Amino acid sequence: AARPMTARAPLPEIHLSSLAYTVGHWLVHEDRPDHFDLDAPYQRGSVWTLDQRRALIQSLYMGLPVGAVIVAKLPFRDGSPIAYRVVDGKQRIEAVRAFAAGGFDVPGWWFRDGDVDRVSPDGTVGWDDLSRPCRLNFDMRMQLPALEFDSEHEYLGRDDAGRARWRKRTDEEMLRAEAALYLLVNGGGAAQTAEDLARAAEVAR
């Protein structure tokens, strides 16, 4: 006889709210606390190379889409400035923060006349070398949008009257739900190999 299938609940719905943020939303400013936790237990370390960070800055200046950061909104905690855990997008946030803090330079030829006040002898420019309008453009106009996940509340479907039903998760359950989302977002497909990237770079030249 065939083995009976184990009864399981259907796949849960995950509701993500779309938010239109500029790069400046993710930067650290002296006059306000940092509201983002980049080091959740399920996160990897800081792994992007300098070339990868430069590629992100290049994409932003060219107006290319760089994908939405996914954050988990956290319940209010007295005295804690942290309001979100970053589920996906840690490397992108670290890259824009490092660039705006003068952590690395980029090629000076990327920029138009008037965007740069000075160029280093090696042909690169850093944040402090850019004109004020160019820095403001990076901060206030370039798009790094977000998808917000309410990890505190689990959606249970609708009752007979059509009303949405929710359950409040514990702190441990919130982390598990975020980690599951992290795996879904980052676990699909096949990672680009060094050979794949080298082939595309050769075609681009």
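How many salt bridges does the count come to in this structure? The model is a predicted one, and by the rule applied here the count comes to eleven salt bridges. Side chains of opposite charge can pair when their charged atoms come close. Three of these pairs are set out in the table below, each with its distance from nitrogen to oxygen.

| Salt bridge | N to O distance |
|---|---|
| Glu178 and Arg85 | 2.7 Å |
| Asp88 and Arg92 | 3.0 Å |
| Glu173 and Arg167 | 3.3 Å |

**Charged side chains**

The side chains of Glu178 and Arg85 form a salt bridge at 2.7 Å. This pair ties together distant parts of the chain, since Glu178 lies in helix H4 (residues 171-187) and Arg85 in strand S4 (residues 84-88), with their positions 93 residues apart in the numbering. Glu178 and Arg85 are both buried.

In the salt bridge between Asp88 and Arg92, Asp88 has a relative accessible area of 14%, and because buried means under 20%, Asp88 counts as buried. Arg92 is likewise classed as buried, with a relative accessible area of 11%.

The salt bridge of Glu173 with Arg167 belongs to a wider arrangement, for Glu154, Arg167 and Glu173 are linked in a network of salt bridges. Within this network, Arg167 has a relative accessibility of 32% and therefore counts as partly exposed.

Asp139, which is found in helix H3, presents another case: Asp139 is buried yet has no salt bridge, and the nearest side chain of opposite charge, that of Arg32, is 6.3 Å away. A salt bridge requires a distance within 4 Å, so Arg32 at 6.3 Å does not form one with Asp139. If its neighbours within four places in sequence are left aside, Asp139 is in contact with Thr22, Val23, Gly24, Leu27 and His29.

**Aromatic rings**

A pair of aromatic rings is described by the distance of the centres and the angle of the planes. The structure holds twelve aromatic pairs. In one of them, the ring centres of Tyr61 and Phe138 are 5.8 Å apart and the ring planes meet at 25°, so this pair is stacked. The pair links distant parts of the chain, with Tyr61 in helix H1 (residues 50-62) and Phe138 in helix H3 (residues 132-140), 77 residues apart. Phe138 is buried, with a relative accessible area of 0%. Tyr61 and Phe138 are also members of a cluster joined by ring pairs, whose other members are Phe99, Phe104, Trp110, Phe111 and Trp127.

**An enclosed helix**

Why is helix H2 (residues 90-100) described as largely enclosed by the rest of the structure? Eleven of its eleven residues are buried, so the rest of the structure largely encloses it. Among these buried residues are Arg92, which was named above in a salt bridge, and Phe99, a member of the ring cluster. What covers the buried residues of H2 includes strand S2 (36-37), strand S3 (69-73), S4 and strand S5 (106-107), together with the helices H1 and H3. Just after H2, Gly102 takes a positive phi of about 80°.

**A nonpolar patch on the surface**

On the surface, Ile14, Leu16, Leu184 and Val185 make a nonpolar patch of about 340 Å². Leu184 has its place in helix H4, the helix that also holds Glu178. Leu184 is exposed, with a relative accessible area of 62%, whereas Glu178 is buried.

How values were computed. Residues numbered from 1 in each chain as written. Predicted model: local features only at pLDDT ≥ 70, side-chain atom pairs only at ≥ 80, totals over all residues. Heavy atoms only, no water. Helix = DSSP H or I, 4+ residues; strand = E, 2+ residues; numbered from the N terminus. Buried < 20%, exposed > 50% of the residue type's maximum accessible area, 1.4 Å probe, protein only. Patch = residues over 30% accessible without salt bridge, like charges linked within 9 Å, V, L, I, M, F, W, Y side chains within 5 Å. Areas by Shrake-Rupley, 256 points an atom, 1.4 Å probe, with all protein chains shown as cover. Phe/Tyr/Trp six-rings, centres within 6.5 Å; stacked < 30°, edge-to-face > 60°. Lys, Arg positive; Asp, Glu negative; His and termini not counted. Contact = heavy atoms within 4.5 Å.
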